[in-house]
Amino acid sequence: PDFGDQYFPKGLPPWKSPAGFIDCGAYDGYPLRNLMDGRTKIEAIAAFEPDPVNFRKLAESVRVYASMVTETLSLFPCGVSSMTGQIRFSAGLGTSSYVSEKGDTVIEGIKLDDALPAFRPNVIKMDIEGAEIDAMLGARQMIEAYRPGLALCVYHKPDHLWKIPLLAQSWLKGGHHYLRMHTYNTYELIY
């Protein structure tokens, strides 16, 4: 396993610069802090985090980095989905909050294609506890139009190991594809 940064690993070709980064499952901002380490010029960031506690931490965390973004730094207190509308959510679980029909909270879910019609991403990261395929479907126009680099978690559900790469490859013909393990167990497996 590569114990380094799972979304911006040093052993792979670097993401395009300046970064137009969409962070789905921004948690408390730690992926953004890794992006804002000074190695990458950042043009715009759109970060989505539906858990209210995590979102407050995210907002506090990124304030100190706002000046590093040349265009836009936008934070959205909602989840990403294949359609725009309210969805049930199990909140308050830290990094493990997730979309669930039995969830104790109702959140706004939004298609990336609806939320960011003029955003031109060159990197999209999704670590959203099993909702990655649904979110990808809501970003299909954006992914096909701009062909961004993708950092997608494939370990939340067993069939995501092949379904997510096959879906991404069907939209992004050609290019390079990597599957990286960042722990000794099945967690933190990133496509």
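**View 1. Strand E7 pairs with strand E4 and with strand E5.** This is a predicted model, and here we zoom in on one strand and its partners. Strand E4 (residues 79-80) and strand E7 (residues 105-110) run parallel, joined by two bridges. To spot this pairing, find Val 80, which sits opposite Ile 110 in E7. Now look for strand E5 (residues 85-90): five bridges tie E5 to E7, and this pair runs antiparallel. Here Ile 87 is the residue facing Ile 107 of E7.

**View 2. Strand E8 pairs with E1 and with E9.** E1 and E8 line up in the parallel sense, with four bridges between them. In that pairing, Ile 22 stands across from Ile 124 in E8. E8 and E9 are also parallel, again over four bridges. For this pair, look at Val 123, which has Gly 149 of E9 opposite. Which way do the side chains of E8 point? Val 123 and Lys 125 point one way, while Ile 124 and Met 126 point the other way. Buried or exposed? These four residues of E8 are all buried.

**View 3. The largest nonpolar core, with Ile 22 among its best-connected residues.** In soluble globular proteins, nonpolar side chains tend to be buried together. In this model, the largest nonpolar core holds 48 residues, and Ile 22, Phe 48, Leu 112 and Met 126 have the most contacts inside it. Strand E2 (residues 42-48) gives this core its largest share, six residues. What does Ile 22 touch, leaving out residues up to four places away in sequence? The list includes Ala 46, Phe 48, Leu 112, Leu 116 and Phe 119. Also among the residues touching Ile 22 are Pro 121, Val 123, Ile 124, Lys 125 and Met 142.

**View 4. A nonpolar patch on the surface.** Not every nonpolar side chain is tucked away: Leu 161, Trp 162, Leu 166 and Leu 179 make up a patch on the surface. Together they have about 410 Å² of accessible area. Pick out Leu 166, which belongs to helix H6 (residues 160-171). Leu 166 counts as exposed because its relative accessibility is 55%, and the cut-off for exposed is over 50%.

**View 5. Ser 61, a buried residue in a helix.** You'll find Ser 61 in helix H2 (residues 52-62). Why does Ser 61 count as buried? Its relative accessible area is 15%, and buried means under 20%. Setting aside residues up to four places away in sequence, Ser 61 touches Asp 28, Gly 29 and Arg 33.

**View 6. A cis peptide bond between Ser 17 and Pro 18.** Look at the link from Ser 17 to Pro 18: this peptide bond is cis, with omega at about 0 degrees. Pro 18 is found in the segment before strand E1 (19-24).

**View 7. Glu 129 and Arg 147, two non-glycine residues with positive phi.** Glu 129 has a phi near 50 degrees, even though this residue isn't a glycine. Where is Glu 129? Look in the loop between strand E8 (123-126) and helix H4 (132-137). With 24% relative accessibility, Glu 129 counts as partly exposed. Arg 147 isn't a glycine either, and its phi is positive too, at about 50 degrees. The loop holding Arg 147 runs between helix H5 (140-146) and strand E9 (149-152). Arg 147 has 39% relative accessibility, so it counts as partly exposed.

Conventions: Residues numbered from 1 in each chain as written. Predicted model: local features only at pLDDT ≥ 70, side-chain atom pairs only at ≥ 80, totals over all residues. Heavy atoms only, no water. Buried < 20%, exposed > 50% of the residue type's maximum accessible area, 1.4 Å probe, protein only. Patch = residues over 30% accessible without salt bridge, like charges linked within 9 Å, V, L, I, M, F, W, Y side chains within 5 Å. Areas by Shrake-Rupley, 256 points an atom, 1.4 Å probe, with all protein chains shown as cover. Salt bridge = Lys/Arg side-chain N within 4 Å of Asp/Glu carboxyl O. Core = buried A, V, L, I, M, F, W, Y, C linked by side-chain atoms within 4.5 Å. Contact = heavy atoms within 4.5 Å. Pairing = 2+ DSSP bridges.
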